[in-house]
Amino acid sequence: MNARWNLVLLPSLLVCAILIVASQYVFIRTSFYHDLGMGRTGTELTLTNYIRFFSDSFYLKVLVLTVRVSGWATLLTLLLAFPVAYLIARMHSRFAMWLLAGIVVATFVTIVIKVYGIMIIFAADGWLNRFLMWSGVTDRPYSVFGTEVGVVMGLMHFTLGFGVLLLYSVVHTIPRSFEDAAQIHGATRWRVHWRVVLPLSLPGLTVGALMIFNMCMGAFTSAALLGGGRLFTLPVLVQRVVMMEVQYSMGGALAGVLLVVTLVINLVSIMLLRKLRAARFVVA
Amino acid sequence: MNIANTILEEARRGSRARMPRRSLLPVGALVHLGWCSLSYIFLLSPLVVVIGASLNGGGEYASMSFPPQDVTIANYLDIPQRRFESLGLSLALAASAALIGCLIGVPAALGLVRGNLPGKMLMAAVFRAPLQIPAVVTGIAFLQLYYIIGDATGLKMYGSFSGLLVGHAFIAIPYVVGSVTAILQRFDNRLEEAALSLGASRWRTFRRVTLPSIMPGVYAGALYGFMVSFADVPVSIFLSSPHTRTYPVELFFDLEHDFSPTILASATVVIAICLILLMVMQKLVGLETLLRSGKGGR
């Protein structure tokens, strides 16, 4: 019986493994050559691109910025998404379907369109800025372009819908009876959340957080449009170097650093979760 | 067990006859609701604003204001033909990517849950890898792979539909594997045993018992696959040529180079298409059951 299922698995495994290995191998190998300009690369293996990356403070700053905005966006996305996911998952009325529909539509629509929306909202003579100036919060129009706040906001628009959908299925795996049990015995709502819901959803929360973080690390659109040509994240730089400067090997090196940093952060987080689990800090 | 402890602890306290405090004003619930409305306003306001502004009349400058003045549908009539072409391309691409994602992902999930090959953790990691590789990296990796394939065999993958499709299917597969795996792990094997013992063939059992029960997972995975493909910029921007631009990439370049009010109208068309797709989904399978069976805490 099992052998049959193994046979079913093999073709898919082969396709995926080939796609991953072939594509990653090609660009990582290219990153170890030298750019000759016009998209051609040298023939000798060299570390030039990586040395350039780690000796130039510009690139290092870009890397730090990328990790920082992704981290902020992940944290804020979780903070906004979890209460919504919890609300929808615990709701009994037909209204829950409408709430869910709003989330799905927002996830469907490409981030480019949402960035248009942000541009209109933060237009210098838009109603938001007029309100801010009228109420005296600022004395000149507030602009999100070229600021970290703008980039984080763009990333959140990219991930928030996904975040809610992910956490929705996480909350759904927590039996409601656990909460009821704690509450019947006198725990306050706050205590139920803190001691029952949170520990139970922590594994799912970690997986969700990592997925959102990975999305941010690879996101290019919001940072490209809202960075306003002043603020570069690593994905934006990869696209510029490859498509505009046609330096495939330098682009490959930038992408390689991005890949390794992302994978290391993923691994460390998963190991931390294992540690917590071993220390019985987290159940499940 | 922390949770059991908490419950016991509370039970002990409860025995001292302390009832849960209930204030007249449900402050917690109000804060929760307020917080959720904030999330919704944040998430949906750009879409509302775009729809509103797309109805603006009166030239290029006025087009960026909301609420609209001089309501008109002129912007819709001026949408250039090429944008509809790229919209068609994007829809076909997303549907194909979701389909291929299912063709590869469903057998993968079945094998992962029911097979007994050694190294399952590693195999699961292979199927999950596209989620961990940043999207831009996937884009540049496939671009360079296509160049190499082109040099070696003369096959032109770069800028072709098939080239885009391979990249998009690559990022759609993990979603299908995830959601189908989640549902298979909860599957009651006795259902299959019952069918077999009643004389159904293996294939018939699979088709009539197993497949229908994992279908919600398949739909959920396909929906996610469709969504990531239909909204994707970072992968497509590397793989599409000026003749095969996906819709988001087309809008991205329009926004970067020359802004015109027709962009807002085109964006509204996409929002409308998404709404229609959503309603079809709701009618076909029901949104709630669909997303409930999605990838859970794994």
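A residue is called buried when its relative accessible area is under 20%, exposed when that area is over 50% and partly exposed in between, with a 1.4 Å probe and protein chains only. The structure is a predicted model, in which local features need pLDDT of at least 70 and side-chain atom pairs count only at pLDDT 80 or more, whereas totals for chains, interfaces and linings use all residues. Residues are numbered from 1 along each chain as its sequence is written, chains are lettered from A and ligands numbered from 1 in the order in which they are written, and side-chain values use heavy atoms, with hydrogens and water left out.

The salt bridges (a side-chain nitrogen of Lys or Arg within 4 Å of a carboxyl oxygen of Asp or Glu) number six over all chains. In chain B, a network of such bridges links B:Arg82, B:Arg83, B:Glu250 and B:Asp254. Within this network, B:Arg83 and B:Asp254 meet at 2.9 Å, N to O. B:Arg83 belongs to helix 5 of chain B and B:Asp254 to helix 12 of chain B, 171 residues apart; helices (H or I, at least four residues) and strands (E, at least two) are DSSP runs, numbered from the N terminus. B:Arg83 is buried, at 3% relative accessibility. B:Asp254 also forms a salt bridge with B:Arg82, where the closest N and O atoms are 3.9 Å apart. Because B:Asp254 lies in helix 12 and B:Arg82 in helix 5 (residues 81-114) of chain B, this pair ties together parts that are 172 residues apart in sequence. B:Asp254 is buried, with a relative accessible area of 7%, while B:Arg82 is partly exposed at 40%.

In chain A, a salt bridge joins A:Glu179 to A:Arg90, with 2.7 Å between the closest N and O atoms. The two residues come from distant parts of the chain, 89 residues apart: A:Glu179 from helix 8 (residues 176-184) and A:Arg90 from the loop between helix 3 (57-89) and helix 4 (95-108). A:Glu179 and A:Arg90 are both buried.

The contact between the chains (heavy atoms within 4.5 Å) takes 108 residues from chain A and 105 residues from chain B. The size of an interface is often given as the accessible area lost when the parts come together. Here the buried area (the accessible area, with a 1.4 Å probe, that two parts lose on being put together, summed over both) is about 9800 Å², of which carbon and sulfur atoms give 76%. No salt bridges are found across the interface of chain A and chain B. Eleven residue pairs, both at pLDDT 80 or more, are in polar contact between the chains; a polar contact is a pair of N or O atoms within 3.5 Å, where within protein one must be able to donate a hydrogen and the other to accept it, and residues adjacent in sequence count only if both atoms are side-chain atoms. On the side of chain A that touches chain B, helix 1 (residues 2-30) of chain A gives the largest share, 21 residues. This side has 72 nonpolar, 27 polar and nine charged residues, where Ala, Val, Leu, Ile, Met, Phe, Trp, Tyr, Cys and Pro count as nonpolar, Asp, Glu, Lys and Arg as charged, and the others, Gly among them, as polar.

B:Gln144, in helix 7 (residues 135-153) of chain B, is buried at 4% relative accessibility. A polar atom of the B:Gln144 side chain lies 3.4 Å from the backbone oxygen of A:Tyr248. With residues up to four places away in sequence not counted, B:Gln144 touches A:Val26, A:Phe27, A:Thr30 and A:Tyr248.

Over all chains there are 18 aromatic pairs, defined for rings of Phe, Tyr and Trp (its six-membered ring) with centres within 6.5 Å; planes under 30 degrees apart count as stacked, over 60 as edge-to-face and the rest as tilted. The pair of A:Phe220 and B:Phe252 is tilted, because the ring centres are 5.3 Å apart and the planes are at 50°. This pair crosses between chains, from the loop between helix 9 (189-218) and helix 10 (221-226) of chain A to helix 12 (residues 247-257) of chain B. A:Phe220 and B:Phe252 are both buried.

Helix 11 of chain A is largely enclosed by the rest of the structure, because eight of its eleven residues are buried. Just after this helix, A:Val246 takes a positive phi of about 50°, although A:Val246 is not a glycine.
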